[in-house]
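Work through these exercises with the structure open beside you. Try each task before reading its solution.

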Amino acid sequence: MNAYVKNMTARNAVVSVATAVAVAATGLTLVAPTATAEPAAGPAPAAVAAAGAALPFTSVEAESATTNGTAIGPDYTQGTLASESSGRRAVQLAAGQSVEFTLPAAANAVNLAYSVPDGRSGTLAVYVDGEKTDTTLAVTSKYSYIDTPWIAGSKTHHLLDNTRALLGRDLSAGAKVRFEASVPTTIDVADFEQVAGPAGAPSGAVSVVDKGADPSGQGDSTQAFREAIAAARGGVVWIPPGEFKLTQSLSGVDDVELRGAGNWHSVVRSSRFIDQSSAPAGNVGLHDFAVIGEVTERVDSNPDNFVNGSLGPNSRVSGMWLQHLKVGLWLTGNNDNLVVERNRVLDMTADGLNLNGTANGVQVRENFLRNTGDDSLAMWSLNTTNSSSTFANNTISQPNLANGIAIYGGRDITVKDNLVLDTNALGSGIAISNQKFMDPFFPLAGTITVAGNTLVRTGAMNPNWQHPMGALRVDAYDSAIEANVSITGTTVTDSPYSAFEFVSGSGTGKAVRNVTVDGATVDGVGTVVVQAETPGAVTFRGVTATDVGAAGSYNCPYPAGSGTFEITDGGGNSGWDTVWDDCATWPEPAE
C-alpha cells in the first residue's frame, strides 16, 4: 500500500460525500459511510452541477450499506478488486453473508456491480424489508478476469461485472433491499431504478415477431430481423418485449429505425449486432432496447461489437443498454452528424465507443459507461480527421485499462461537462494526445476545447513508464502539440498522483505548446498539481489547489537536454507555488 492510499483511508468518507455533491444533479448518488461521514470537502455544487449525465437511476455504494461482510479498500494498486471498484472500495461477502441497502428513491429494479472468484458462479438472494422474494441475481466470473498480454503493462483485469433484475414490485424511498450471497461475492455498487412499463409499437412499424422472430429467446431470430429491416426501409422495425437470439450479425441496415419497448423489456442476445463496412446512406435509428453479448475474452480481430463499421450520416443511437461485448460502437466509414445519447454501456472488454472513420459533427452526450476494458470514449483520427465533434455530459466510471476519455488527433474537438471517476492503470481521466498507433494519422489541429469536466480519483501509475499519469494528460506522444488546447473550468478531486500532466509519452521529448488552463479547482493530489515532462509552455490562470501532496509542480523535461517547459502564471493561481527540485526522483504520494 503506497503512502497516498494510507492517506486515502482517512479521506475516503469525505471523498464519497464530495462525489455525491458533484453528481447530485445527474441522479448518480454515491452515498458515504454513515459511521464516518464528515462535511463535504469537495468543490461547491455550482462548480460541478453541469458535469455528467442525467441518469435514470440512483447509485449507492456497498460500503455505505449495512453488512456482515468485510469492507475492502481504498486501493490504487493495479489489478486489485478494490482499485477497480467505484470509490476504490467494496464489500466482500462469504457465502451466507449479505449487504442491505436503504433505497434513497423509489425503485422497482436494480443493477448490481459485483465480482466472484475466477471459475465460480452463483446467485444473490433478494430480500425486501426482511422478506425473501422470488427474485435472484445471477453472479458469475464468466465475463471477468481478462488477460491482454499483447498490451504492454496490462495485468489480469476487468475483475467486476454487472447483473440486473426487475424486483417485481414498486418500492418507496426508505425500503431496505438485502442481497445474500450463495458463493463468495464482492459487492461494489447498486443502481436502483424506477423502470417504466414497456412502450407500445409505433404506428405502421414492422414487427420482427410478424417476420418470425422468437420472443422466448430459444430460436434463431436473425433472418426475421433481416426481413423486417428490408420490409421497413424508410420506416420503423419494432422489437417488442421479449428476448431475441441472433446468431449472425446484421448488415444493410440503412434508412431504417429499430425501436424497442425499453431497454429492460426488449432484449437482443448477440455478440455482433451490426457489422457493415460499406458506406450506407445513413439515417439509421437504434433506440430503446438492450443488446447483451457473450464476449468473454478480448480478441481484437473479431467484430464482437454492437456496431462495427458505419451507420452512415445523420444516424442516431439512444436509450440502449449494451453489455458483454468487445466494443459498444467501433465506428469506421462515414458517421457524420451521428448522435449517441442516453445509453448505458457496461462491461466491454475494450472501448465503449471509438470514432476512427469519418466523424464530422458527431455528438456523444448523456451516456453512462462503467467497467470498460480500454478507453471508455475515444476519437481516433486514423485515415481521416475527426472534426467539430463533441463528447459532452457523459458519466464514466471505472475504465480499467485506459482513459476515461481519449482524443487521439482531430480538428476542433470539444470535451465538455463530463464526469469521470476511478480510472485504473494505463490511463488518465481525460487524455488529449497525438499518439497515432497506426498511419495515416491526423494530429490535433485547430482548437481543442476541454471545458467544465469533473475528474474524481483519476490518473494511474503507468507500469511501462514507471511513473504516474495525471488526471488530465496532454501528450505529444508521436508529434508536437501544435493545436490550441483550451482547458477551462476543470475540477480535480483526489487524484492519486497529479492533476495536469504534460508529456511526450514516447519519451522522445516532443513539445507541448499552445495550451492554456483557466479556472481549475484542485482538491487533493497525491504528488503535484502540474507534472511537466517534456519541452513546451502552458499558461495557468485561476487555478486553485488544496491538499497538495508533495509540491505544486514537477518540471523535468525528458530526455535531459531536450529543452525547457515554461509554466506561465497568468494570475489568480494559489496553493501550488512550490516546486519539486530533484529531477532524479519521482515524488512519492504524500502521507
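## Exercise 1: Strand 21 and its partners

In strand 21, N308 is the bridge partner of D275. This is a predicted model, where local features need pLDDT of at least 70, side-chain atom pairs count only at pLDDT 80 or more, and totals for chains, interfaces and linings use all residues. Residues are numbered from 1 along each chain as its sequence is written, and side-chain values use heavy atoms, with hydrogens and water left out.

**Task.** Find which strands pair with strand 21, and in which sense.

**Solution.**
- Step 1. Fix the terms. Strands (E, at least two residues) and helices (H or I, at least four) are DSSP runs, numbered from the N terminus. Two strands pair if DSSP finds at least two bridges between them.
- Step 2. Take strand 18. Three bridges join strand 18 to strand 21, and the two run parallel.
- Step 3. Take strand 24 (residues 327-331). Strand 21 pairs with strand 24 over four bridges, again in the parallel sense. Here N305 has V327 of strand 24 as its bridge partner.
- Step 4. Check burial. Buried means under 20% relative accessible area, exposed over 50%, and partly exposed in between (1.4 Å probe, protein chains only). Five of the five residues of strand 21 are buried, so the strand is mostly covered.

## Exercise 2: The open sheet

**Task.** Work out the strand order of the open five-stranded sheet, and say which strands stand at the edges.

**Solution.**
- Step 1. Read the order. The sheet runs 2-5-10-7-8, with antiparallel pairing.
- Step 2. Find the ends. Strand 2 (66-67) and strand 8 (131-140) are at the edges; each has a single partner strand, so one side of each has no neighbour in the sheet.
- Step 3. Look at one pair inside the order. Strand 5 (residues 98-102) and strand 10 (residues 176-181) run antiparallel and are joined by five bridges. F101 has V177 of strand 10 as its bridge partner.
- Step 4. Recall the background. Strands of a sheet pair through backbone hydrogen bonds, either parallel or antiparallel.

## Exercise 3: E297 in its loop

**Task.** Place E297 and list what it touches outside its sequence neighbourhood.

**Solution.**
- Step 1. Locate the residue. E297 sits in the loop between strand 20 (290-292) and strand 21 (305-309).
- Step 2. Judge exposure. The relative accessible area of E297 is 41%, so the residue is partly exposed.
- Step 3. List contacts (heavy atoms within 4.5 Å). Leaving aside neighbours within four places in sequence, E297 is in contact with I146, D147 and T349.
- Step 4. Compare sequence and space. E297 and K142 are 155 residues apart in sequence, and 9.4 Å apart in space, C-alpha to C-alpha.

## Exercise 4: Backbone details in loops

**Task.** Locate two cis peptide bonds and two positive phi values in residues other than glycine.

**Solution.**
- Step 1. The peptide bond from G73 to P74 is cis, with omega near 0°. P74 is in the loop between strand 3 (70-72) and helix 3 (81-84).
- Step 2. D439 and P440 are also joined by a cis peptide bond, with omega about -5°. P440 is in the loop between strand 37 (430-433) and strand 38 (444-445).
- Step 3. N283 has a positive phi, near 55°. Its loop joins strand 18 (274-276) and strand 19 (285-287).
- Step 4. N393 has a positive phi of about 55°. N393 lies in the loop between strand 31 (390-392) and strand 32 (395-397).
- Step 5. Is each asparagine buried or partly exposed? N283 has 42% relative accessibility, so N283 is partly exposed. N393 has a relative accessible area of 18%, so N393 is buried.

## Exercise 5: Confidence

**Task.** Say how confident the predictor is, and where pLDDT stays under 50.

**Solution.**
- Step 1. pLDDT is the predictor's confidence in each residue, from 0 to 100. The protein chain averages 92, and 92% of the residues score at least 70.
- Step 2. Residues 1-48 stay under 50. For this stretch the model has 103 contacts beyond four places in sequence.
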